[in-house]
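Dear colleague,

Please find below the structure that I am handing over to you. I should be grateful if you would look through it alongside the notes that follow.

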Amino acid sequence: MTLPGADAEFPFELAVCRWAEREWPPGGARDSAVLVARQLGTQSRRWDTVVLECDLAGLTARAAFGPGALTSNDLHVVRHAPADWAYYRDALPDPEYPWRYVRESVHALSARGALEHRKRGGRIEIRRIGPYPEDWVRRVVAVENKPDLDRSAANALAAQLETDVALGLADEAWVATRASDDVNERLLLEDVPVEAGILAVADAVGTDADRTSAEVVWHPRSLAVDDPGTRIVANPSPEDSAGGYDASAARFEYVDADWKREKRLAIAERAYERGWRSYVDAMRPDCRHFELESVGDGLVPFCAAKERCQTSAECRGACGEFEPEPPAWRQRNWPIDGGPGQGARRLLDRRKERRRPAPEE
């Protein structure tokens, strides 16, 4: 099925996520469990698509700690929790922040079944449910999605990928662009750092293809994730307002390998919780115009009022076309328990859950 509005970056991003979930790694045999998420990263740099290559046994062990992400405070507790009952201040290293936040994490983790705690003599004691699998993530891969390139988009893309390569937070950096025979678009990719890989994606969205496919145009180099990295704070502008060139130097700062290790784990935890189908959490599936259309081998959000694919930024209560579902749709189990919007949410949640192995008994 061909959908109007399919040239937008959002449906292309969903197509890349769907392809990566099914086919990663490109051109090779899969030897890891794969989790895919979108719109994750650091405060200064967000990746369009994140692919986690995971150890299956470690991923299964991670499932015991629940489907929600573990925050940095939570990780401090579960990674150091003792095998036998102990007073939490004796069992855990000094967190270098107030202990009251540790107590909050202890209670929150216990409520979700990721930790055991009890009070004895007015003191909080904790015990782990099992060791946290430190190596459940083997590799983190970052993908920047640019379906259609022009000169300004290519310049911005080059700067973004230079930042990724210099920092070395991900094991690989890729750019995914729409497959095209346009020579000019191919020439624009020459500015991409040689360390970044290039994928030419023939997405089913906007075409009558059965499924999204991708071809490797350029293979990436592995980045030095175990070494200190360089965080580029500001790049000189290619051109100043007078039409000349900005000759000022780039500003940067160094980050150590420990910071990168902790940040990678935090990103992996958020990816584990969210997956890539969580876009529905930022949309209004309770609107009577919200639909999920089958395109190729996947589903794409579709607005019946706008008659095209919509983005999360558009699909909100402030939209001029927003109309809540009639109450009859949400009552008496008709036509779907909770209404079509809740049905769409449950469908996407079920597909997301299938990507997570069940915890071992």
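The notes below cover the cysteines, the cavities, the nonpolar cores and one buried aspartate. Please bear in mind throughout that this is a predicted model.

Cysteines

The count of disulfides comes to 0. One pair of cysteines deserves a comment in this respect. The sulfur of Cys303 has its closest cysteine sulfur in Cys319, at 6.0 Å, and the two are not bonded because that separation is too far for a bond. The cut-off for a disulfide is a pair of cysteine sulfur atoms within 2.5 Å. Seen from the other side, Cys319 is likewise in no disulfide, and the nearest cysteine sulfur to it is that of Cys303.

Are these two cysteines buried or exposed? Cys303 has a relative accessible area of 9% and is therefore buried. Cys319 has a relative accessibility of 18%, so it also counts as buried; the threshold for this class is under 20%.

As to its surroundings, Cys303 belongs to strand β13, which covers residues 298-303. Leaving aside residues up to four places away in sequence, Cys303 is in contact with His289, Arg308 and Gln310. Its C-alpha atom is 9.9 Å from that of Phe322, a residue 19 places away along the chain.

Cavities

How many cavities of 30 Å³ or more does the model contain? The count comes to 4. The largest cavity has a volume of about 110 Å³ and a lining of 13 residues. Those nearest its centre are Cys287, Cys303, Lys306, Cys315 and Cys319, so the pair discussed above, whose sulfurs are 6.0 Å apart, is found here. By class, this lining comprises 6 nonpolar, 2 polar and 5 charged residues.

The second largest cavity has a volume of about 90 Å³. Its lining is formed by Glu21, Leu35, Val36, Ala271, Tyr272, Gly275, Trp276, Arg277, Lys352, Arg355 and Arg356. Two elements give two or more residues each to this lining, namely β1 (33-41) and α8 (257-274). The lining of the second largest cavity divides into 5 nonpolar, 1 polar and 5 charged residues.

Nonpolar cores

The largest nonpolar core holds 41 residues, and the members that touch the most others are Trp47, Leu52, Ile126, Tyr132 and Trp136. At least two residues of this core come from each of β1, β2 (46-54), α3 (72-80), α5 (99-111), β5 (123-128), β6 (137-145) and α8. The largest share, 5 residues, is that of α8.

Leu52 illustrates how these parts meet. Not counting residues up to four places away in sequence, Leu52 touches Ala33, Val34, Leu35, Trp136, Val137, Arg139, Val140, Ala268 and Ala271. Another core, of 29 residues, lies apart from the largest one, and includes Trp24, Val34, Cys319 and Phe322.

A buried aspartate

Finally, I would draw your attention to Asp171, located in the loop between α6 (151-167) and β7 (172-178). Its relative accessible area is 9%, so Asp171 is buried. Which residues does Asp171 touch, not counting those up to four places away in sequence? They are Arg138, Arg139, Val140, Arg221, Ser222, Leu223, Val225 and Arg264. Arg139 and Val140 are also among the contacts of Leu52.

With kind regards

Technical notes. Residues are numbered from 1 along each chain as its sequence is written. This is a predicted model: local features need pLDDT of at least 70, side-chain atom pairs count only at pLDDT 80 or more; totals for chains, interfaces and linings use all residues. Side-chain values use heavy atoms; hydrogens and water are left out. Buried means under 20% relative accessible area, exposed over 50%, partly exposed in between (1.4 Å probe, protein chains only). On a 1 Å grid over the protein atoms alone, a cavity is a set of points where a 1.4 Å probe fits but cannot get out, and a pocket is an open set with protein on both sides within 12 Å along at least five of seven lines; lining residues have an atom within 4 Å of a point. Grid points are joined across faces, edges and corners, and a volume is the space filled by probe spheres set on the points. Ala, Val, Leu, Ile, Met, Phe, Trp, Tyr, Cys and Pro count as nonpolar, Asp, Glu, Lys and Arg as charged, and the others, Gly among them, as polar. Helices (H or I, at least four residues) and strands (E, at least two) are DSSP runs, numbered from the N terminus. A nonpolar core is a set of buried Ala, Val, Leu, Ile, Met, Phe, Trp, Tyr and Cys residues joined through side-chain atoms within 4.5 Å. Contact means heavy atoms within 4.5 Å.
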